[in-house]
Amino acid sequence: MATSFYKYQGTGNDFVMIDNRKLTFPADDEALVKQLCDRRMGIGADGLILLQDHPDYDFEMVYFNADGRLGSMCGNGARCTVRFAKQLGVIEDVACFLAADGEHQASIERDEIHLKMNDVQGVEKIGEDYYLNTGSPHYIRFVDDVENLDVYTEGRAIRYNDRFKAVGTNVNFVQRLGENEIFVRTYERGVEDETLSCGTGVTAAALVAGIKGMQSPLKVKVLGGELQVAFERNSDGSFKYIYLIGPARLVFTGSITI
Ligand SMILES: N[C@@H](CCC[C@H](N)C(=O)O)C(=O)O
């Protein structure tokens, strides 16, 4: 059966998007998702996202990592899904949708998607580093020279250490660039490589920057462009009103036979 697909990217984190409102995509076929995301054997992407109907929301986003496994929350993918929902006529400029970590609100403002992330509690300190969940798990390490870091090797060493090897974690290396700016590079679980951007990772990095005294909103440089993160910190150290802001674009469309 021929199925249309749409390829989107958000600051270089790229996704195969499928309109699954008629529920014909075989979502349990891990090998198929992996093949579609393969950059030589398929379309090529960091993940695959299904946009589905939901009785209580504008839509539901179902996210798979490039390894074919059902994923947790994806911040860049969510911004792309909001843009896709607008393209399909599912929403106008605002959305309330369901993702793996629960409800999210978003708005489209010119070129940018403003995505509300869920509140964050329980930031763990591990030596000089941090570990927190912004919808997906993220390990955060601040470094002096992120540009020249071997993110693949260093990220993999943390992702596969005794603490994380079973469930996995994303690993983010962060450099402070100025008063309100950081540079983030991410080793992504499920892709098992560095990606050009990771939305939940950038969010986690910005929150840790907040713990280290930087003020919201923060400008975040990534290999694939620029994002912004805004947040408020509660007196107990938890975070609320967290927003991830940045572009999401359609790259091309096509058809696959499944
Ligand atoms: N690229 C994503 C994060 C995706 C989740 C990650 N691969 C995982 O398995 O935790 C983003 O933009 O947030």
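Start with the whole protein chain selected: in this predicted model, residues 24 or more positions apart account for 63% of the contacts with a separation of 6 or more. With the chain still selected, turn on the cartoon, where four helices and 17 strands are to be found. The radius of gyration of the protein chain is 17 Å, close to the 18 Å that the globule rule gives for 258 residues, and the chain is therefore as compact as a globular protein of that length. If you orient the view along the principal axes, the C-alpha trace spans about 50 × 35 × 25 Å, and if you then colour by burial, 43% of the 258 residues count as buried.

Next, select residues 2-116 and give them one colour, then select 124-247 and give them another, since the domain assignment names these stretches domain 1 and domain 2, respectively. Their centres, taken over C-alpha atoms, are separated by 22 Å, and the contact between them takes 23 residues from domain 1 and 23 residues from domain 2.

Now stay on the side of domain 1 that touches domain 2, and select helix H2 (75-88) together with strand S7 (112-117), each of which supplies at least two residues of that side. Keep S7 highlighted, as this strand gives the most to the side in question, with five residues. Finally, colour the residues on this side of domain 1 by chemical character, where you should find five nonpolar, ten polar and eight charged.

Note on methods. Residues numbered from 1 in each chain as written. Predicted model: local features only at pLDDT ≥ 70, side-chain atom pairs only at ≥ 80, totals over all residues. Domains from an automatic or database assignment. Contact = placed C-beta atoms within 7 Å. Nonpolar A, V, L, I, M, F, W, Y, C, P; charged D, E, K, R; others polar. Rg over C-alpha atoms; globule rule 2.2 N^0.38 Å. Buried ≥ 20, exposed ≤ 12 C-beta atoms within 10 Å, placed from the backbone.
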